[in-house]
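Q: Hi! I'm new to this one and would like a quick tour. Could we look at it together?
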Amino acid sequence: MFIEVKIPYEPGNLALAYNRAMETAKSDWVLLLDHDVFIACNKNWYKILLEVVNRVDKSAGLITCVCYKVAGKNPPQKAEIYLNSYDIRNHIKIANYLFRKYGIQLVELDTHKIAGMFMLVNKKAWQKVKFRNVRNDIYFIDWDFCKRLREAGYKIYLLPGLYVFHARRSRDAE
């Protein structure tokens, strides 16, 4: 078992970029990342994801993590610690703290409003519920996909112990 990591890009058409990334994937699980996400805050991030996908059942459609400053009102992916800093050493400390606190715990989410900066997607679920352009707004593409995943009976999970630094969002804070 392996997980492919992809950073989709297609000018003006994020849904097309996501779908192309999923179509070309050879693995059962694909990690879709924004280009400005620093995933190595936890050096064991890949091992953690492998363990998680090996233990979830086939109803899991998407798994995400927590990060630094996420847009929206009370987003489920917002880390409980907020630090207005670009110093990656500080974000590594946050990642270590959250991992010690939560480990590889999975929390089922009851919302579809997931920020797409880090989405570990089950390819079989994606084959039934593909990404589509919605309202010409990148946020709604992720939300629409997650909403339709849940409507199709798939679960969305959060890893509260896995933290990434999403640099673009942090620039908004400074």
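Q: Let me start with a cysteine: is Cys67 buried or exposed?
A: Happy to help! Cys67 is buried, with 1% relative accessibility. Keep in mind that this is a predicted model.

Q: Okay, and how many disulfides does the structure hold?
A: Zero. Cys41 is in no disulfide, and its nearest cysteine sulfur, that of Cys65, lies 9.4 Å away. For Cys67, which is in no disulfide either, the nearest cysteine sulfur is again that of Cys65, at 6.4 Å.

Q: Why do those not count as disulfides?
A: Because the two sulfur atoms would have to be within 2.5 Å.

Q: Got it. Is Cys41 buried or exposed?
A: Buried, as its relative accessibility is 3%.

Q: Switching to rings: how many aromatic pairs are there?
A: The count comes to four. One of them joins Trp45 and Tyr46 edge-to-face, with the centres 5.6 Å apart and 85° between the planes.

Q: What about the accessibility of Trp45 and Tyr46?
A: Trp45 is buried at 16% relative accessibility, while Tyr46 is partly exposed at 27%.

Q: How is the pair of Phe140 and Trp143 arranged?
A: That pair is edge-to-face too, at 5.3 Å centre to centre and 80° between the planes. Both residues sit in helix α5, which covers residues 138–151, and they are three residues apart, about one turn of the helix.

Q: Which residue lies over the face of Trp143?
A: Lys113 does, at 5.1 Å from the ring centre.

Q: Last one: which residues do ring pairs link into a cluster?
A: Tyr18, Phe131 and Phe145 are linked that way.

How values were computed: Residues are numbered from 1 along each chain as its sequence is written. This is a predicted model: local features need pLDDT of at least 70, side-chain atom pairs count only at pLDDT 80 or more; totals for chains, interfaces and linings use all residues. Side-chain values use heavy atoms; hydrogens and water are left out. Rings of Phe, Tyr and Trp (its six-membered ring) pair if their centres lie within 6.5 Å; planes under 30 degrees apart count as stacked, over 60 as edge-to-face and the rest as tilted. Buried means under 20% relative accessible area, exposed over 50%, partly exposed in between (1.4 Å probe, protein chains only). Helices (H or I, at least four residues) and strands (E, at least two) are DSSP runs, numbered from the N terminus. A charge sits over a ring if NZ of Lys or CZ of Arg is within 6 Å of the ring centre and within 35 degrees of the ring normal.
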